[in-house]
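Reader: I'd like to go through the labels on this one and hear what backs each of them. Can we take them in turn?

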Amino acid sequence: MSETTDPEALDTARRRKPPAKSARGRVTMTDIARAAGCSQATVSFVLNNSPGIKLSQQTRERVIEAARALGYSPPAFSALQKPLPAFEGLDGVIGFAVDQLATSPEAVVAIEGARQASWNAGNVLLVAQTLGDSVMEPRAIAALTKRGISALIYMTIFTREIVAPDYLYGLDIPVILLNCYTADYAFPAVVPSEIAGGQNSTRHLIAHGHRRIATITGEPWMQAAQDRLKGYRRALATADIPFDPELVVEGDWSASAGYAATVKLLALKDRPTAIFCQNDRTAIGCYEALKEAGLHIPQDISVVGYDDEEIARHLFPPLTTSILPHMAMGQWAIEQLEAPAAPGRGRYPITKLECPLVERESVRAVAST
C-alpha cells in the first residue's frame with residue numbers, strides 16, 4: 001500500500017496566496033499552516049524534523065516551500081533546506097515519454113509526481129509527447145537521449161500490456177514503465193491496483209447495506225474496465241451476493257453513456273439501490289438521469305464513481321470516488337532510479353499501487369423496505 005496525497009489539497013495549496021505575517025511582524029507556524037493547507041501540528045512536525053512521525057514527502061515539501069516563501073528562517077528550518085544528494089548514477093536529467101499528454105489529466109498528474117521527486121533529488125525532467133507514432137516516437141526518444149538523459153520513464157495513458165519497441169531494449173540507460181508493462185518483465189513497471197479498487201468501491205456500498213448494486217463499465221477491451229469489473233464481482237462473491245448480469249451495463253466512459261445506462265437500469269422491475277460508475281464522467285450522466293427521474297442522491301439511490309477527477313467534488317452531492325494513484329506512480333518511477341539496474345536484464349515484478357476511496361456525500365445506507 002502506497003501513501004498518496006489528495007490532488008485537491010495540493011492544487012489548493014499552490015493557488016493560495018501567502019497570508020500576511022502576524023501582527024508582531026514575524027512568521028508563525030500558523031501562517032505557514034494556512035499557506036501550506038495543513039494543520040499547525042503538521043508544520044511543527046516538519047520544521048522540527050520530529051522522529052517517528054509518518055508524513056508524505058509531498059506534505060513535507062509543501063510545508064518547506066510555504067515556509068521558504070514566507071521568509072521563515074530559524075536554524076532548524078535552514079538545515080531542512082539543504083539540497084538532497086542526487087541519485088547515484090544520474091547526472092541530473094531524466095526523460096519522460098508519454099503517448100498522450102494534452103488530452104489526459106492523468107499524464108499531467110504523473111509528470112508532476114515525477115517532477116516533485118526529481119527536483120527533490122536535484123534532477124531535471126524533460127517531457128516528450130509521442131502519440132505512440134511508430135515513426136515519431138523513436139525520433140522523440142532519440143532527441144531525449146541526445147540531450148544526455150540518464151534514465152527514461154515510458155508512460156502509456158491506458159493501462160495495458162505493451163510490446164516494448166526494440167529501441168527501448170537498446171538503450172544503455174535505465175528504463176521505467178509507468179501505467180504499462182511487458183510480458184517478459186524486462187523493465188520495472190507500475191500500474192494502478194484496479195481490481196482492488198473496484199472491489200473496495202463495491203464493498204463500500206455493501207457496507208452501507210446495499211445488495212442490489214449495479215455497475216456501469218467502461219469499454220470492455222480496456223484493461224481498467226476489465227479489472228474494475230473483476231473487483232466488483234469479487235466483492236459481491238465475498239459478501240455472498242449473487243451476480244446479476246442485468247445489473248451490469250456496458251458504457252464507454254462518457255457522460256452520455258452514463259445517462260443511457262442509468263435510464264436502462266431504472267427500467268428494471270427490481271431496480272438497483274446503488275450504482276457503481278466505473279469513472280467519474282459516467283457518474284455525471286448517471287446523476288442527470290437520476291435527477292430527471294425525480295430521484296434523490298443518496299436518499300433514493302447511492303452512487304460511487306472512480307478516478308477522482310476535479311468535477312467529482314463539485315457535483316451535488318459531492319461524489320464518493322477512488323483516486324487514480326498517478327501522482328504516486330510518477331514518484332515511484334523516480335525512486336526506482338536510486339539503484340538502477342541495467343535495462344533489459346532480469347525480471348521485474350509489476351508494482352500495483354492502491355486506488356484510495358474518497359468518501360463524500362453520494363452514499364447512504366440503504367432505505368428500509
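Author: Sure, starting with the naming: helices (H or I, at least four residues) and strands (E, at least two) are DSSP runs, numbered from the N terminus. Thr215 lies in strand 6 on that scheme. Residues are numbered from 1 along each chain as its sequence is written, and this is a predicted model, where local features need pLDDT of at least 70 and side-chain atom pairs pLDDT 80 or more, while totals for chains, interfaces and linings use all residues. Side-chain values use heavy atoms, without hydrogens and water.

Reader: Why is Thr215 called buried or exposed, whichever applies?

Author: Buried means under 20% relative accessible area, exposed over 50%, and partly exposed in between (1.4 Å probe, protein chains only). Thr215 has a relative accessible area of 0%, so Thr215 is buried.

Reader: And what makes the link between the side chains of Thr215 and Gln278 a polar contact?

Author: The term needs a pair of N or O atoms within 3.5 Å; within protein, one must be able to donate a hydrogen and the other to accept it, and residues adjacent in sequence count only if both atoms are side-chain atoms. The Thr215–Gln278 pair sits at 3.0 Å. The Thr215 side chain also reaches the backbone oxygen of Phe276, at 2.9 Å.

Reader: How about Leu126, what is it called and why?

Author: Leu126 is found in strand 2 (residues 124–129). Its relative accessible area is 28%, so Leu126 counts as partly exposed. Leaving aside neighbours within four places in sequence, its contacts (heavy atoms within 4.5 Å) include Val93, Phe96 and Ile149.

Reader: What makes strand 7 and strand 9 edge strands?

Author: Two strands pair if DSSP finds at least two bridges between them. Strand 6 (residues 213–217) and strand 7 run parallel and are joined by three bridges; Ile216, for one, has Val249 as its bridge partner in strand 7. The open sheet has four strands in the order 7-6-8-9, with parallel pairing. Strand 7 (248–250) and strand 9 (302–304) each pair on one side only.

Reader: How do you know how helix 2 and helix 3 are oriented to each other?

Author: Axes are lines fitted to C-alpha atoms, for helices over the stretch in contact, with angles from 0 to 180 degrees between N-to-C directions. Under 35 degrees is roughly parallel, over 145 roughly antiparallel, 65 to 115 roughly perpendicular, and the rest oblique. The axes of helix 2 (residues 29–36) and helix 3 (residues 40–47) come within 8 Å and cross at roughly 105°. Helix 2 and helix 3 are therefore roughly perpendicular.
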